[in-house]
There are 2 protein chains.
Amino acid sequence: MSKSISIFDTTLRDGTQGEGISLSADDKLKIAKKLDELGVHYIEGGIPGSNGKDIEFFKRVQTLGLHAKITAFGSTRRKGSIAHQDDNLKRMIESGAQAATLVGKSWDFHVHTALQTTLEENLAMIADSISYLKQQGMELIFDAEHFFDGYKNNPEYAVSVLRTAREAGADWLTMCDTNGGTLPHEIYEIVSRLDLELGGAPLGIHTHNDCELAVANTLSAVQAGARQIQGTINGYGERCGNANLCSILPTLQLKMDYTCITDNQLSQLTNTARYVSEIANVHMPVNQPYVGNAAFAHKGGIHVSAILRDSRTYEHIEPEKIGNKQRILVSELAGQSNILSKAKEMDLILDPENENTKQIIGKIKNLEHQGYQFEGADASLELLLREANGEIKELFVFESFKMLVEKNAGSAVVSEAFVKLRIGGESIYTAAEGNGPVNALDNALRKALVEHYPNLREMHLSDYKVRVLDEADATASKVRVLIESQNLSNTWSTVGVSANVIEASWEALVDSIRYALIGQALPDQNVSHSPSVHGIVNH
Amino acid sequence: MSKSISIFDTTLRDGTQGEGISLSADDKLKIAKKLDELGVHYIEGGIPGSNGKDIEFFKRVQTLGLHAKITAFGSTRRKGSIAHQDDNLKRMIESGAQAATLVGKSWDFHVHTALQTTLEENLAMIADSISYLKQQGMELIFDAEHFFDGYKNNPEYAVSVLRTAREAGADWLTMCDTNGGTLPHEIYEIVSRLDLELGGAPLGIHTHNDCELAVANTLSAVQAGARQIQGTINGYGERCGNANLCSILPTLQLKMDYTCITDNQLSQLTNTARYVSEIANVHMPVNQPYVGNAAFAHKGGIHVSAILRDSRTYEHIEPEKIGNKQRILVSELAGQSNILSKAKEMDLILDPENENTKQIIGKIKNLEHQGYQFEGADASLELLLREANGEIKELFVFESFKMLVEKNAGSAVVSEAFVKLRIGGESIYTAAEGNGPVNALDNALRKALVEHYPNLREMHLSDYKVRVLDEADATASKVRVLIESQNLSNTWSTVGVSANVIEASWEALVDSIRYALIGQALPDQNVSHSPSVHGIVNH
């Protein structure tokens, strides 16, 4: 039997059902590009016609020239209707997607309770819808909803649903554990039987994580003969999420000898997982398997000394194969090579023997120790490296800021900020209001700078995150602020850390503006004259 | 074969190896009590002698009168030494724990690479250590480290390790997948063979989640004959964590017909998981299986209408069995019964037909819709309910606050706050500095109140958390602040929400102080005279 597995990503459809996940059309297009680079074979983009974002996505994705097949999701025709008059099927066709994922019922209980129709009509709905979509030239993936619950309750009917779909022309028959309640040994038994009964029809598997078994269930199905896997990046999805491709791909490929994507693509897995988590704006748990920041982290003691002798002692795979890395939490042994490779990405050649380079590496490690985190703040890291390379010219001489929040009984809260700085010989003092302290600071700072640096008008803050570090110590705990900014063509992220949330925000704000203006000099003044330049961002 | 499973919790030992998890002796005692209520059979408390916290824990836990057996963890005697002279074993005995978890090597590669000794000496280290601890009357759980890697590499040696342990008197032989790289079908095959080879010796299983398979691996081992499970609450643990008892217990008990704890104890599972996450100060993912806030949450559309007809359509178990609940995210159908049951817990009888009760339920739902979250802020919820019941007397009349953060080039940032309020006929205006804006506000507010309410001196803030809600909209996004406070006997949590982080913090601060002073009236003034009372906390 073939060891090739077809990877079907539904981050953009089922993934968006997760609580707290909402993707714009732009977000979806960014993620689609990244998924294509990772090498998934199908990208399910959404439900055409369900909302404006999905319509826009299907239109614009066609211009990207992706290798993956774009797939549109929809249900079988409504009961008692005709397929070619069904609005839903019509919109799937009009989406321009190469493939259709058609979901139909396979649990008799659901046919009666949810659809409120007969078992025969449900089969007809499936057959009609598939025939019609196939006539339109679409590849067809049939998602049998609640297949395992259906099989347990009425195996004959569940199988007849798959047979009907196959006879109507479905290219893949995907068995869904929609409620996520099925166990791995049950999946193995049922899929094995199916594989025999259907004479090796192309079977797919779609699982949910309600018992923390979605990954195991997917692997069971593959071992029993399934050859298409539906899942999402980071396991996003309704309730407890879908099967997590970031755990399934490396296990299948590195441990079970299946082929999903190329080794080179697999080494992009960690980067892809973190990118999608950033775009989806969902915090990635540090302990996420394979791709999490702690997945190959070792706390002190006996583990570390063994790891240093041979990393196989406490690591189940080489983290580099999936683009993650070993971290020794208590020592300063890691780090230098990562920073140098980051500089290389930016076309910056740093000589590791150079005194300047050693200094900047020491500085970055020290900042990380203080709570800075550059994985989510590339722009701040780039500024540090370019600064070390003598490329950064300062924009202004910082003198002071004040930030005032005032609330009077019966009135709305007011936030104001005051910024004093010098540009060239000119002293500038501005005041601005905002809808919160950070917004007020941002407004006052821009007001001070925009006459000299008019292209600041093109940029704006697009995201703001704040996290309390070491939360257990309430009065002395530090805060990390991440700011994302964008202009017409670019998005960048910066970081600030302080015991004071306002100071941390100011740091990240200033870095954001410095990055936007990289290469623009401080007019009429050499930065080296002023020791207090940018004193606040005293990384 | 018996269907009874022995539950061994290692949250307090292996769980604390997780990145970002650090528990004080007090924290450990609180969690031990909660675990005992849940009904686990063993509580591994730590490594005696590794640090002061663990020594204190083992001493104080003996006074709690728990049902569970307290277990001390340690390694076999050092190579080339004598068991009864080994400091480590001595400390295990002196801990006063009823049971010992003794970890030994079972992978020949590790014996050579990490221990740097011979295979024979390793067997002697295991036999000697076990005999010695058994002579001291301790129950003995032998943890065979890297058992599965060992078995794959040299099955004869791995089995001889278990035989040696058994012959020396071990009560349980626990096979550890220390690196978390073994797959469920491998676990099943190996444990099945072991069960035969060792003639039904009492086997245990200890897995790690590096492949997102710790739960599946544990279930596989049980199906193959293991009868003790080692795991942690919420799956806390080194790297990607340990096997998650919160997922394993309900699956074994509700789906596989094994007996772990009583049904009544199982209904405390969600509460236990959330309690431990609070104490450990680790954010619980909303999508955590079984116990997460989104585990039984349904977004709008067809799912919801089917759920309302019959919840089995989209729920794999009844959430009440584990103490979780269904949430319909888009509708206002849920809620009332939860609030009434919460009031009952507080000995507050609210009549659901009463107009006042209807109003307060509407208010709480509305607040939740705005981003308030009362699950982590019991004190704020209690204030709302007692307020509705006419029990709360206001402490002061709020007039204004100002909060100023100032930074001058070359100097440290300064935070100051100014609070104006009236108590009785007296007008009070205070100013205070702080090490951040919230600390300054807290200081100024206490300064204003402490003369009238001197027992405020006994309380302090113990935790501060801030979360950006709807992070995608940087300028208009809301912030939720959670504050935990404590006095000598009590800990309570309050919440504030606003687009302005300072205002949200103020809200939570004021609630914290109101809760501390429940029952203390505003002197010489009736609250109803003043429409601006407490105007800022306008829940």
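In this predicted model, strand E1 (residues 6–9) of chain B runs parallel to strand E2 (residues 42–46) of chain B, and 2 bridges join them. One spot to look at is Asp9(B), whose bridge partner in E2(B) is Ile43(B). These two strands belong to a bigger arrangement in chain B: 8 strands, paired in parallel, close into a barrel in the order E1-E2-E3-E4-E5-E6-E7-E8. Going around this sheet, neighbouring strands are turned by 25° against each other on average, with direction ignored.

Further along the barrel sits strand E5 (residues 139–145) of chain B. Of its 7 residues, 6 are buried, so E5(B) is largely enclosed by the rest of the structure. One of its partners is strand E4 (residues 99–105) of chain B, and the two pair in the parallel sense over 7 bridges. Here Lys105(B) has Glu145(B) of E5(B) as its bridge partner. Another partner is strand E6 (residues 172–177) of chain B, again parallel, this time over 4 bridges. In that pairing, Asp143(B) is matched with Thr174(B) in E6(B). As a general point for reading such a sheet, the side chains of a regular strand alternate between its two faces.

Chain A can be described by its domains. The assignment splits it into domain 1 (6–280), domain 2 (296–330) and domain 3 (397–529). The C-alpha centres of domain 1 and domain 2 of chain A lie 36 Å apart. Their contact takes 8 residues from domain 1 of chain A and 6 residues from domain 2 of chain A. On the domain 1 side, the elements giving two or more residues are helix H10 (245–255) and helix H12 (269–280) of chain A. H12(A) gives the most to that side, with 3 residues. As for chemistry, the domain 1 residues that touch domain 2 divide into 4 nonpolar, 4 polar and no charged.

Then there is the contact between the two chains, which takes 90 residues from chain A and 89 residues from chain B. On the chain A side, the largest share comes from strand E11 (residues 397–408) of chain A, at 11 residues. That side as a whole divides into 37 nonpolar, 35 polar and 18 charged residues. E11 also links up across the chains: E11(A) and E11(B) pair in the antiparallel sense over 9 bridges. Within this pairing, Lys402(A) stands opposite Glu406(B) in E11(B).

E11(B) turns up again around helix H17 (residues 437–449) of chain B, as part of what covers the buried residues of H17(B). This helix has 13 residues and reaches 19 Å from its first C-alpha to its last, close to the 18 Å expected at 1.5 Å a residue. Since 11 of its 13 residues are buried, H17(B) is largely enclosed by the rest of the structure. The buried stretch takes in Pro437(B), Val438(B), Asn439(B), Ala440(B), Leu441(B), Asp442(B), Asn443(B), Ala444(B) and Leu445(B), with Ala448(B) and Leu449(B) buried as well. From chain B, the cover includes strand E11 (397–408), strand E12 (414–423), strand E13 (426–434), strand E14 (460–469) and helix H18 (501–516). Chain A has a part in it too, through its own helix H18 (501–516).

Conventions. Residues are numbered from 1 along each chain as its sequence is written. Chains are lettered from A and ligands numbered from 1 in the order in which they are written. This is a predicted model: local features need pLDDT of at least 70, side-chain atom pairs count only at pLDDT 80 or more; totals for chains, interfaces and linings use all residues. The expected span of a helix is 1.5 Å times one less than its number of residues. A residue is buried if 20 or more other C-beta atoms lie within 10 Å of its own, exposed if 12 or fewer, and partly exposed in between; C-beta atoms are placed from the backbone. Two residues are in contact if their C-beta atoms, placed from the backbone, lie within 7 Å. Domain bounds come from an automatic or database domain assignment. Ala, Val, Leu, Ile, Met, Phe, Trp, Tyr, Cys and Pro count as nonpolar, Asp, Glu, Lys and Arg as charged, and the others, Gly among them, as polar. Two strands pair if DSSP finds at least two bridges between them. Axes are lines fitted to C-alpha atoms, for helices over the stretch in contact, and angles run from 0 to 180 degrees between N-to-C directions.
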